[in-house]
Amino acid sequence: MRTAALRSQVAASVDLPVRLLPHLARIFEPLDSLGSMPRPVVAMLREAGISRKNRVLDLACGKGAVAIAVARGLGCVVHGVDAFAPFVEAAERAADRRGVAATCLFRIGDVGLWERRRVRVRYDGAMMLGLYPCDRAARVLRRWVRPGGVYIIDDAFEGNGMAGGVGELPTLDECRSAIERRGDRIEQEFVPTAAQMAQLNAGLYARLRGACAELEAERPRLRADLREFLSRQRAANRLLNGPVRSAVWLVRRAK
C-alpha cells in the first residue's frame, strides 16, 4: 500500500478530518499512548505466563507505549508494527529512553497485509489494541500465535446490554462468542469502569486540545478542521463514558 494510503488509514483510525492529515503527527505529539492502558495488558500477559524467554507481536502499535511496557515489565522481546512512520520513530525513541531498545523493536508496515501474509515464525503472544473489531482482530492475531499461545484484543460493546442500541454494536456476550467461535478460549477479561474511562479520556482530550490550540495559533486557516476534530473527540468520549463500553480480552489459542 502506498504511503499516502497508509497515512489516510491512520487518520481514519483516530477520526481525523482528511485535511488535517499533514498535521497528524503534530496533533498527536503530546500523547505517548493513543488510548490504550498498558498496565492491565502487562498484568494479563504476566498471568498468562509470558516471560523473558518469549516473543510478543504488537500490531498497530502506535507510539509503542504498550509494547515498551510489556518489554520492561516482562523482559520479553516485543516486535511492534504500525503504518505511520512518525509513530514508529517516536516508539523507537521512547524504547531507547526506557532502556529496552535491544528487546523492543519497531517497523513500519501495513497491518492489513498481516491478514494475508505468509506465516513463517509464530509468536508466543500477540496484541492488537484499538484497531479492528474483536472477530477480525482474533482472526488476524491467531495466525501469528503458536498453538497454546495467547493474544490480546479489545473492542467496544453495547453497555446497556441491548444489541443495536448504539451504531449496531455487539453486546459483551456477542463479543465473547465471536472471539471463541474458532475454538480459542478467553482466559482473562478486563472491563474498565466508567470512572477509569472518563479519567483516561479526559487526559487524552486535554493534551489533544492543547496541541490543536498551538497549531491553530500558527495556522488560523485550520481552525474549522481542528475544531471539527475536537468535536468528534468529545462526541466519542461521551459515548465511551456512557452507553458504549470497552473490554480487553486475553485469549488462549487452541492447541
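Tryptophan 144 is buried in this predicted model, its relative accessible area being 4%. Its ring pairs with that of tryptophan 114 in a tilted arrangement, with 4.6 Å from centre to centre and 55° between the planes. The two partners come from distant parts of the chain, 30 residues apart: tryptophan 114 belongs to the loop between E3 and strand E4 (123-128), whereas tryptophan 144 belongs to helix H6 (residues 134-144). Tryptophan 114 is likewise buried, at a relative accessible area of 5%. Since the cut-off for a buried residue is under 20% relative accessible area, both values, 5% for tryptophan 114 and 4% for tryptophan 144, fall on the buried side.

Aromatic pairs number four in the structure. Another of them joins phenylalanine 84 and phenylalanine 87, and here the geometry is edge-to-face, with 4.7 Å between the centres and 90° between the planes. Both of these phenylalanines, 84 and 87, are buried. They also belong to a wider grouping, as Phe28, Phe84, Phe87 and Phe229 make up one aromatic cluster.

The loop between E3 and E4 that holds tryptophan 114 is also home to glutamate 115. The side chain of glutamate 115 meets that of arginine 136 in a salt bridge, at 2.5 Å from N to O. Here again distant parts of the chain are linked: arginine 136 sits in helix H6 and glutamate 115 in the loop between E3 and E4, with 21 residues separating them. Helix H6 and this loop are thus connected by an aromatic pair and by a salt bridge. In contrast to the buried tryptophan 144 of the helix, arginine 136 is partly exposed, with a relative accessible area of 32%.

Altogether, 17 salt bridges are present. One of them pairs arginine 185 with glutamate 187, the side chains meeting at 2.5 Å from N to O. Both ends are partly exposed: arginine 185 has 46% relative accessibility, and glutamate 187 has 33%. Shared partners also tie salt bridges together, and one network of this kind takes in Glu115, Asp135, Arg136, Arg139, Arg181 and Arg182. The bridge between arginine 136 and glutamate 115 therefore has both of its residues in that network.

A further salt bridge lies within a helix. Arginine 176 and aspartate 173 have their closest N and O atoms 2.7 Å apart. Because the two residues are three positions apart in helix H7 (residues 172-180), about one helical turn separates arginine 176 from aspartate 173. Arginine 176 is partly exposed, at 27% relative accessibility.

Charge also gathers on the surface, where Arg72, Arg93, Arg97 and Arg98 form a patch of positive charge. Arginine 98, one of these residues, is located in the loop between helix H5 (85-97) and strand E3 (104-108). Its relative accessibility of 46% makes arginine 98 partly exposed. Residues join such a patch if they have over 30% relative accessible area and no salt bridge, and the 46% of arginine 98 is consistent with that cut-off.

Two backbone positions deserve a look. Aspartate 15 has a positive phi of about 60°, although this residue is not a glycine. Its place is the loop between helix H1 (3-13) and helix H2 (24-27), and aspartate 15 is partly exposed, with 35% relative accessible area. Alanine 60, also a residue other than glycine, has a positive phi near 60°. This alanine lies in the loop between strand E1 (55-59) and helix H4 (65-74). Alanine 60 counts as buried at 19% relative accessibility, because the limit for that class is under 20%.

Finally, two C-alpha separations place residues across the fold. Alanine 247, in strand E7 (residues 244-252), is buried at 1% relative accessibility. Its C-alpha atom is 8.4 Å from that of isoleucine 153, although their positions lie 94 residues apart along the chain. Glycine 203 is found in helix H8 (residues 194-218) and is partly exposed, at 23% relative accessibility. For glycine 203 and valine 70, which are 133 residues apart along the chain, the C-alpha atoms are separated by 22 Å.

Note on methods: Residues are numbered from 1 along each chain as its sequence is written. This is a predicted model: local features need pLDDT of at least 70, side-chain atom pairs count only at pLDDT 80 or more; totals for chains, interfaces and linings use all residues. Side-chain values use heavy atoms; hydrogens and water are left out. Patches are made of residues with over 30% relative accessible area and no salt bridge: like charges are joined within 9 Å, nonpolar side chains (Val, Leu, Ile, Met, Phe, Trp, Tyr) within 5 Å. Accessible areas come from the Shrake-Rupley method with a 1.4 Å probe; for residues, only the protein chains shown count as cover. A salt bridge is a side-chain nitrogen of Lys or Arg within 4 Å of a carboxyl oxygen of Asp or Glu. Lys and Arg count as positive and Asp and Glu as negative; His and the chain ends are not counted. The place of a charge is taken as NZ of Lys, CZ of Arg, CG of Asp or CD of Glu. Helices (H or I, at least four residues) and strands (E, at least two) are DSSP runs, numbered from the N terminus. Buried means under 20% relative accessible area, exposed over 50%, partly exposed in between (1.4 Å probe, protein chains only). Rings of Phe, Tyr and Trp (its six-membered ring) pair if their centres lie within 6.5 Å; planes under 30 degrees apart count as stacked, over 60 as edge-to-face and the rest as tilted.
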